[in-house]
Amino acid sequence: MTTDRRWVALALIPAAAGVFGASVSWAGSHDPLAAAAPTTVAALSPTLDPARIAQEQQMADLAAQVEATRLRIAELQAVLAAKTANAQVPAAPSTQQAAPAPARAPAPKVQAVTGASG
Amino acid sequence: MTETRGTTTTSRPVATRTLRAMASPITLMVVEPGPSAQSCLDRAEAVIRDVALTCTRFEPDSPLSRANAEPDSWHEVPATLGRAVQEAAGAHTSTAGLFDPRVLDLLLSWGYDRALSFADGFVHDGAATAAKPDATGPWRPRVIERDGIWHIHLGGRQIDLGGIGKGLAVRWAAAELVGAGSGFMVDAGGDCAFGGIGPEDTAWNVGVEDPAGGPEPLLVLALTDTGCATSSTRRLRWRSGGKAVHHLVDPRTGLPGGDVLAAVTVVVADPAWAEVWTKALFLAGAAGVRRRAESLGLAAAWVGDDGVVGSTGLLDALTIWRPDHG
């Protein structure tokens with residue numbers, strides 16, 4: 001019986017060694033810190049077309065301008081809203097202020113104008 | 001191009017016709033038009049177009065241009081031109097020579113030899129400024145009418161009938177509109193005639209233009225059964241030989257007249273004479289315009305280059321609005 005156990009143990013050594021080796025090999029190929037394996041650059045990078053690059057740059061510039069304009073519009077709308085709000089608030093009466101001048105009567109409707117001709 | 005339309009947007013219905021002639025927009029209006037209004041408007045328009053074609057110096061084949069080409073000769077001319085020369089001669093005498101259609105020589109030498117574009121109020125022209133004109137003396141044209149045939153002799157100098165021609169066109173067109181309705185107006189820009197009641201159940205309200213180009217009139221007048229005219233340097237001014245010139249020439253000096261004045265308006269019964277008197281007053285300059293207007297008994301207003309408005313008492317009586325008084 002003892003002899004049988006010995007033979008089984010001896011028989012399992014190569015198997016264990018194989019399992020260990022395979023594990024080490026798997027771990028080596030799955031190291032999360034390991035750099036990605038270099039691949040074929042030509043297969044992943046498209047051909048560099050200068051015209052396309054320029055076009056893309058132009059579109060990016062235009063998009064930036066649109067965004068800047070949108071921001072400017074928003075600023076102006078805010079200023080307009082503030083001024084409108086201020087205009088609707090009547091000024092506090094002040095005894096120091098002179099009486100406002102009477103509103104000037106607008107010119108009556110005319111049927112003709114005499115002036116330079118020619 | 002002519003446009004005629006009727007409208008009731010005012011208090012009273014009106015028939016209006018607009019056209020362009022004599023380098024100006026023309027408006028003819030009849031208030032409460034009667035059955036004959038359209039034929040009256042037709043005749044008034046025909047009168048204006050006839051004067052424009054006959055008395056223009058900008059068309060080489062016009063009767064006036066043909067007479068100007070040989071001012072030392074007699075010419076058979078249409079009645080319109082014969083009458084216009086007759087009126088111009090009378091104006092020359094009545095204004096002691098201040099109204100003088102012979103200033104055409106100067107205008108031509110300053111480059112005003114065509115219907116220049118004055119839309120922007122200023123024209124640069126390469127013509128040299130002229131020397132002082134020949135000594136003139138009184139203008140003595142001769143006009144003979146016999147059996148409806150008119151002959152004129154211009155007295156040796158070519159003439160410009162631009163201003164008085166427009167005034168006469170307004171006078172004669174207004175005569176065609178009498179009786180066409182309860183009121184009428186002929187508006188040729190600076191020169192106007194008004195009859196009866198305006199479309200707002202009042203007199204005709206007439207604005208006096210700001211020669212500086214401001215949008216608001218300087219005065220508003222209430223006029224009826226009268227003519228009015230304005231002479232102004234606002235549009236007809238340009239540069240010649242490096243000097244600023246305008247069309248209101250002083251025949252005594254041969255130079256642009258009306259020292260530091262920008263415009264003069266006169267209200268008198270006849271639109272042609274209103275035109276004549278505006279020129280005579282303008283040449284008095286800012287310093288003398290009031291005295292001359294009052295001595296002539298004219299309803300007149302004037303505007304200086306500084307924008308200050310002056311007027312005679314007769315014109316004040318016609319004024320219903322001014323900016324400072326409302």
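How many bridges join strand E1 of chain A to E10(B), and do these strands run parallel or antiparallel? In this predicted model, E1, which spans residues 112-114 of chain A, is linked to E10(B) by three bridges, and the two strands run parallel. One pairing is easy to find in the structure: Thr114(A) has Val208(B) as its bridge partner in E10(B).

This pairing leads on to the contact between the chains. Here 14 residues of chain A are in contact with 34 residues of chain B. On the side of chain B that touches chain A, at least two residues each come from strands E8 (183-188), E9 (191-196), E10 (204-208), E12 (226-232) and E20 (319-321). E10(B) makes the largest contribution to this side, giving five residues. Sorted by class, the residues on this side of chain B comprise 18 nonpolar, 10 polar and six charged.

Chain B also offers a helix pair to look at. Helix H5 (residues 162-177) and helix H6 (residues 271-282), both of chain B, pack with their axes 7 Å apart and at an angle of about 155°. Angles over 145 degrees count as roughly antiparallel, and H5(B) and H6(B) therefore lie roughly antiparallel to each other. Their crossing is right-handed. From H5(B), the residues Gly163(B), Ile164(B), Lys166(B), Gly167(B), Leu168(B), Val170(B) and Arg171(B) take part, meeting Pro271(B), Ala272(B), Ala274(B), Glu275(B), Val276(B) and Lys279(B) of H6(B). The contact between H5(B) and H6(B) contains seven nonpolar residues, along with two polar and four charged ones.

Conventions:
Residues are numbered from 1 along each chain as its sequence is written. Chains are lettered from A and ligands numbered from 1 in the order in which they are written. This is a predicted model: local features need pLDDT of at least 70, side-chain atom pairs count only at pLDDT 80 or more; totals for chains, interfaces and linings use all residues. Axes are lines fitted to C-alpha atoms, for helices over the stretch in contact, and angles run from 0 to 180 degrees between N-to-C directions. Helices (H or I, at least four residues) and strands (E, at least two) are DSSP runs, numbered from the N terminus. Angles under 35 degrees count as roughly parallel, over 145 as roughly antiparallel, 65 to 115 as roughly perpendicular and the rest as oblique. A crossing is left-handed if the near helix is turned anticlockwise from the far one by less than a right angle, and right-handed if clockwise. Two residues are in contact if their C-beta atoms, placed from the backbone, lie within 7 Å. Ala, Val, Leu, Ile, Met, Phe, Trp, Tyr, Cys and Pro count as nonpolar, Asp, Glu, Lys and Arg as charged, and the others, Gly among them, as polar. Two strands pair if DSSP finds at least two bridges between them.
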